[in-house]
Amino acid sequence: MDQFWENEYIQTAAYYSVVILCMVVFLTIFELVTKYKNWEEIKKGNLAVAMATGGKIFGIANIFRFSIEHNDSLVTMVGWGVFGFFLLLIGYFIFEFLTPKFNIDDEIKNRNLAVGFISMVLSIGLSYVIGAGI
């Protein structure tokens with residue numbers, strides 16, 4: 001049975017499946033902490049929300065990329081991926097805190113593309129820093 005789990009195709013499928021599951025859970029958590037409904041706003045064509053959400057998706061995937069590269073087991077990979085996600089989530093709250101003159105969520109919901117773009121780049125940038133720490 002050990003030989004089954006050592007197969008590269010099986011390992012890749014396992015990593016892929018687990019990351020997809022984590023992505024769904026983490027995007028649900030982001031949905032709960034924002035003041036708007038991501039997928040409803042995207043369906044309406046809100047590009048600012050699409051950019052911010054896309055940055056989160058890229059950020060989560062990038063963190064898991066680093067975690068897969070640097071960990072030998074699926075369980076360890078998930079542990080570091082979850083830790084990296086929480087660091088990304090903290091970065092989101094810090095971004096909101098450091099902009100007291102306006103509310104990030106309100107600006108993104110109101111289609112402010114500049115804020116959506118900065119949010120996207122922040123998620124992507126932080127994912128590289130978090131990944132390097134993994």
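Where in this chain is Ser119 found? Ser119 is in helix 7, and we'll come back to this residue a few times. Before that, keep in mind that what you're looking at is a predicted model.

Let's start with the whole chain. Count the elements and you get seven helices and zero strands. Walk along from the N terminus and the order is simply α-α-α-α-α-α-α. If you put a box around the C-alpha atoms, lined up with the principal axes, that box would be roughly 55 × 30 × 20 Å. The chain has 134 residues, and 38% of them count as buried. How do its parts come together? Take the contacts between residues at least 6 apart in sequence: 70% of these join residues at least 24 apart.

Now back to Ser119. Is this residue buried or exposed? Ser119 counts as buried because its relative accessibility is 4%, and the cut-off for buried is under 20%. If we skip the neighbours within four places in sequence, Ser119 is in contact with Ala52, Phe95 and Ile108. Compare that with Met23, which is 96 residues from Ser119 in sequence and sits 18 Å away in space, C-alpha to C-alpha.

Ser119 also takes us to an empty spot inside the model. Rolling a probe the size of a water molecule over the atoms shows where empty space is left. Here, the count comes to one cavity of 30 Å³ or more. About 70 Å³ of space lies in the largest cavity. Which residues line the largest cavity? The lining is made of Phe30, Lys56, Leu88, Gly91, Tyr92, Phe95, Ser119, Leu122, Ser123 and Leu126. The elements giving two or more residues to that lining are helix 5, which covers 74–97, and helix 7.

Stay in helix 7 and move along to another serine, Ser127. Ser127 counts as buried, because its relative accessibility is 0%. A polar atom of the Ser127 side chain lies 2.6 Å from the backbone oxygen of Ile124. Leaving out residues up to four places away in sequence, Ser127 touches Phe58, Gly59, Asn62, Ile63, Phe66 and Leu88. Leu88 is a nice one to find on screen: Ser127 and Leu88 are 39 residues apart in sequence, yet their C-alpha atoms are 6.9 Å apart in space.

Next, look at a serine in helix 4, Ser67. With a relative accessible area of 0%, Ser67 is buried too. What does the side chain of Ser67 reach? The answer is the backbone oxygen of Met77, at 2.7 Å. Met77 is also among the residues in contact with Ser67 beyond its neighbours within four places in sequence, along with Thr76, Trp80, Gly81 and Ile134.

Time for the aromatic rings. The count comes to nine aromatic pairs. One of them is made by Phe58 and Tyr128, whose rings are tilted, with 6.5 Å from centre to centre and 40 degrees between the planes. This pair links distant parts of the chain: Phe58 belongs to helix 4 (residues 47–70) and Tyr128 to helix 7, 70 residues apart. Phe58 counts as partly exposed because its relative accessibility is 37%, and Tyr128 is partly exposed as well, with a relative accessible area of 41%. Elsewhere, Phe26, Phe30, Phe64, Phe85, Phe86, Tyr92 and Phe93 form one aromatic cluster. You've met Phe30 and Tyr92 already, in the lining of the largest cavity. Rings can have charged company, too: the charged end of Arg65 sits over the ring of Phe66, 4.1 Å from the ring's centre.

Let's finish with an oddity in the backbone. Most residues other than glycine have a negative phi. Which way does Arg111 go, positive or negative? Arg111 has a positive phi of about 70 degrees, although it is not a glycine. You'll find Arg111 in the loop between helix 6 (104–109) and helix 7 (113–133). Arg111 counts as partly exposed because its relative accessibility is 41%. From that loop, follow the chain on into helix 7 and you're back with Ser119.

Definitions and conventions
Residues numbered from 1 in each chain as written. Predicted model: local features only at pLDDT ≥ 70, side-chain atom pairs only at ≥ 80, totals over all residues. Heavy atoms only, no water. Helix = DSSP H or I, 4+ residues; strand = E, 2+ residues; numbered from the N terminus. Buried < 20%, exposed > 50% of the residue type's maximum accessible area, 1.4 Å probe, protein only. Phe/Tyr/Trp six-rings, centres within 6.5 Å; stacked < 30°, edge-to-face > 60°. Lys NZ or Arg CZ within 6 Å of the ring centre and 35° of its normal. Polar contact = N/O pair within 3.5 Å; in protein donor to acceptor, adjacent residues only side chain to side chain. Contact = heavy atoms within 4.5 Å. 1 Å grid on protein atoms, 1.4 Å probe; cavity = no way out; pocket = protein on both sides within 12 Å on 5 of 7 lines; lining within 4 Å. Points joined across faces, edges and corners; volume = space filled by probe spheres on them.
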